[in-house]
Amino acid sequence: MTEFSYPYGSSKINTEDEFSRMMMWAAPDGVCASWGSPALRPVANGSGTVTVPPGEAFVRGQKYLNDADKLLTVPPNNTSATRLDYVVLRNDPANDRITAEYKPGGTSLPPLVQSWTDVWEIPIGAGKVKAGAAGVQPEDMVDARWFTGWPVAPSLPGYRPTPYRDRMICENGVILTGTGSSWKVYDPFEDTGWVNLAPNGSDAPAWSPSGVSRIRRRDRRVEFRLSVKRWADNGLGVADDDGSCVFNLAAQYRPPLEVLGFGYGKVARQSPLAINVETGGDVRVRPLVNDLPASRTVQAVLSWFLD
């Protein structure tokens, strides 16, 4: 046989494998929830057990339901190295059941078994058992769930379904995503537009606008244009290792790693300056060669990517 089609009156579903192969594409492997839900997310407390809370899932096209906490035993780690383990949902067709199981590994996570002739596993948690320990600490059990889900479905504005987190619907060509409490228009290329900035850092009183300082976020890219004047009587000296904090940027603009750029101060001789944008949002200006006298303008253009 090279081709087989089912289900029809003349070719009914005869085996579990036939049913599973069909249903896996209608109900992909995963927990019936989204990442904000605790459904089937394993919890550790440092003891010799891990708790799997209630929830539902599909595994190899077949349904799993757990309506009460299930405790799984954590085997002691008698080795001298940290052990990496999985908590899985295991479909065991030979025994007609799907169960939550604790699956020990080694110095790497154990491989998942996904065989049409044996068991089929999907992960719901990944834990670490330290050398000589008999349990998983709370911070060492991480969420490893796969999720099943809905297709992007048409919707009417006045009669939308429940906005489960990350669920998507479509209304007259507009995609909306669920936040858990409401629906939000999906924009993969969020653009804040140019936002004007006034000095607001810890040294802000020593600076005033010279032209317009502004910032813009386009999806993951931030563009920052600096134009300020140092009007404080004492100016800014090369010996000031930390520099002067001109701005503290809002959280949505802050870089994942410190950004270093260069600008110039308008003095008798062009004075190069270092511009540091710190992960906490501070924008600091530091002269590199010449002191920056009072009443001098600093200009720079920087950009960076967010996580």
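Modeller: Before the pocket is discussed, a definition: Ala, Val, Leu, Ile, Met, Phe, Trp, Tyr, Cys and Pro count as nonpolar, Asp, Glu, Lys and Arg as charged, and the others, Gly among them, as polar. By these classes, the lining of the largest pocket has ten nonpolar, six polar and three charged residues. The model is a predicted one.

Biologist: Which residues lie nearest the centre of the largest pocket, and how many line it in total?

Modeller: The lining comprises 19 residues, and those nearest the centre are Ala33, Thr148, Gly149, Trp150 and Tyr164. The space in this largest pocket comes to about 390 Å³.

Biologist: Why is valine 289 called exposed?

Modeller: Its relative accessibility is 55%, and exposed means over 50%, so valine 289 falls in that class. Valine 289 sits in the loop between β22 (282–287) and β23 (296–305), and together with Leu260, Phe262 and Leu288 it makes a nonpolar surface patch of about 400 Å².

Biologist: What makes valine 285 count as buried or exposed?

Modeller: Valine 285, which belongs to strand β22, has a relative accessibility of 0%, and because buried means under 20%, it counts as buried. The C-alpha atom of valine 285 is separated by 56 Å from that of valine 59, which is 226 residues away along the chain.

Biologist: How do you know that arginine 60 forms a salt bridge with aspartate 17?

Modeller: The closest N and O atoms of the two residues are 3.1 Å apart, and the rule asks for a side-chain nitrogen of Lys or Arg within 4 Å of a carboxyl oxygen of Asp or Glu, so the pair qualifies. This pair links distant parts of the chain, with arginine 60 in the loop between β4 (55–59) and β5 (62–66) and aspartate 17 in helix α1 (residues 16–26), 43 residues apart. By the same rule, the count comes to 13 salt bridges.

Biologist: Which class of accessibility does arginine 60 belong to, and which does aspartate 17 belong to?

Modeller: Arginine 60 has a relative accessible area of 0%, which puts it under the 20% limit and therefore among the buried residues. Aspartate 17, at 27%, lies between the 20% and 50% limits, so it is called partly exposed.

Biologist: What makes arginine 90 and glutamate 121 a salt bridge?

Modeller: Their side chains meet at 2.8 Å, N to O, which is within the 4 Å cut-off. Arginine 90 lies in strand β7 (residues 83–92) and glutamate 121 in strand β9 (residues 120–129), so the bridge ties together parts that are 31 residues apart in sequence. Arginine 90 is partly exposed at 23%, whereas glutamate 121, at 1%, counts as buried.

Biologist: Why is arginine 216 called buried, and why is aspartate 191 called partly exposed?

Modeller: The relative accessibility of arginine 216 is 15%, and this is under 20%, so the label buried applies. For aspartate 191 the relative accessible area is 38%, which falls between the two limits and therefore gives the label partly exposed. These two side chains also meet in a salt bridge, at 2.8 Å from N to O.

Biologist: How do you know that isoleucine 98 is buried or exposed?

Modeller: Isoleucine 98, in strand β8 (residues 97–103), has a relative accessibility of 13%, and since that is under 20%, it counts as buried. Between its C-alpha and that of alanine 133, 35 residues apart in sequence, the separation in space is 29 Å.

Technical notes
Residues numbered from 1 in each chain as written. Predicted model: local features only at pLDDT ≥ 70, side-chain atom pairs only at ≥ 80, totals over all residues. Heavy atoms only, no water. Patch = residues over 30% accessible without salt bridge, like charges linked within 9 Å, V, L, I, M, F, W, Y side chains within 5 Å. Areas by Shrake-Rupley, 256 points an atom, 1.4 Å probe, with all protein chains shown as cover. Helix = DSSP H or I, 4+ residues; strand = E, 2+ residues; numbered from the N terminus. Buried < 20%, exposed > 50% of the residue type's maximum accessible area, 1.4 Å probe, protein only. 1 Å grid on protein atoms, 1.4 Å probe; cavity = no way out; pocket = protein on both sides within 12 Å on 5 of 7 lines; lining within 4 Å. Points joined across faces, edges and corners; volume = space filled by probe spheres on them.
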